[in-house]
Amino acid sequence: EFDFTFGKVSESEYLLSWMGSVGPGGCLFSGYHTMRLEEVNEGGKTRLIHREVFRGVLVELGLGLPYDTLDRNYLRMNEALKECVEGKK
């Protein structure tokens with residue numbers, strides 16, 4: 001299990017961020033995750049910008065998390081959110 005702390009949360013910027021780390025100062029592993037909504041145009045479309053940055057010794061060694069699985073799961077989450085928001089489900 002991975003404990004986290006909320007970072008910047010801004011309703012006016014449509015931003016949610018959180019972070020977590022392992023080891024002193026995150027030297028073994030740290031992750032910073034953001035989700036931000038931005039208006040694409042005045043046609044009522046919205047873009048989700050979903051990012052995660054990993055750092056630390058475990059990342060450099062390719063250890064710590066199943067990165068391919070994370071990428072797949074984030075893609076699935078983004079697609080499910082899109083379907084929900086657009087009323088397709």
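**Exercise 1. Determine how many disulfides the structure holds, and describe the accessibility of Cys27 and Cys84**.

Solution. The structure, which is a predicted model, holds zero disulfides. A disulfide is a covalent bond between the sulfur atoms of two cysteines. The next step is to look at individual cysteines. Cys27 has a relative accessibility of 38%, and therefore counts as partly exposed. Cys84 has a relative accessibility of 57%, which lies over the 50% cut-off, so Cys84 counts as exposed.

**Exercise 2. Find the residues that make the nonpolar surface patch of about 420 Å², then place Val22 in its element and classify its accessibility**.

Solution. Begin with the members of the patch, which are Val22, Leu28, Val57, Leu61 and Leu63. Next, locate Val22 along the chain, where this residue belongs to strand β2, covering residues 15-22. Finally, turn to the accessibility of Val22, which is 35% in relative terms; because partly exposed covers the range between 20% and 50%, Val22 counts as partly exposed.

**Exercise 3. State the volume of the largest pocket, and work out which element gives the largest share of its lining**.

Solution. The volume of the largest pocket comes to about 390 Å³. Its lining is formed by Leu37, Val40, Lys45, Thr46, Arg47, Leu48, Asn78, Glu79, Leu81, Lys82, Val85 and Glu86. When these residues are assigned to elements, those that contribute two or more are β4 (46-55) and α2 (67-85). Of the elements, α2 provides the largest share of the lining, with five residues.

Technical notes:
Residues are numbered from 1 along each chain as its sequence is written. This is a predicted model: local features need pLDDT of at least 70, side-chain atom pairs count only at pLDDT 80 or more; totals for chains, interfaces and linings use all residues. Side-chain values use heavy atoms; hydrogens and water are left out. Patches are made of residues with over 30% relative accessible area and no salt bridge: like charges are joined within 9 Å, nonpolar side chains (Val, Leu, Ile, Met, Phe, Trp, Tyr) within 5 Å. Accessible areas come from the Shrake-Rupley method with a 1.4 Å probe; for residues, only the protein chains shown count as cover. A salt bridge is a side-chain nitrogen of Lys or Arg within 4 Å of a carboxyl oxygen of Asp or Glu. Helices (H or I, at least four residues) and strands (E, at least two) are DSSP runs, numbered from the N terminus. Buried means under 20% relative accessible area, exposed over 50%, partly exposed in between (1.4 Å probe, protein chains only). A disulfide is a pair of cysteine sulfur atoms within 2.5 Å. On a 1 Å grid over the protein atoms alone, a cavity is a set of points where a 1.4 Å probe fits but cannot get out, and a pocket is an open set with protein on both sides within 12 Å along at least five of seven lines; lining residues have an atom within 4 Å of a point. Grid points are joined across faces, edges and corners, and a volume is the space filled by probe spheres set on the points.
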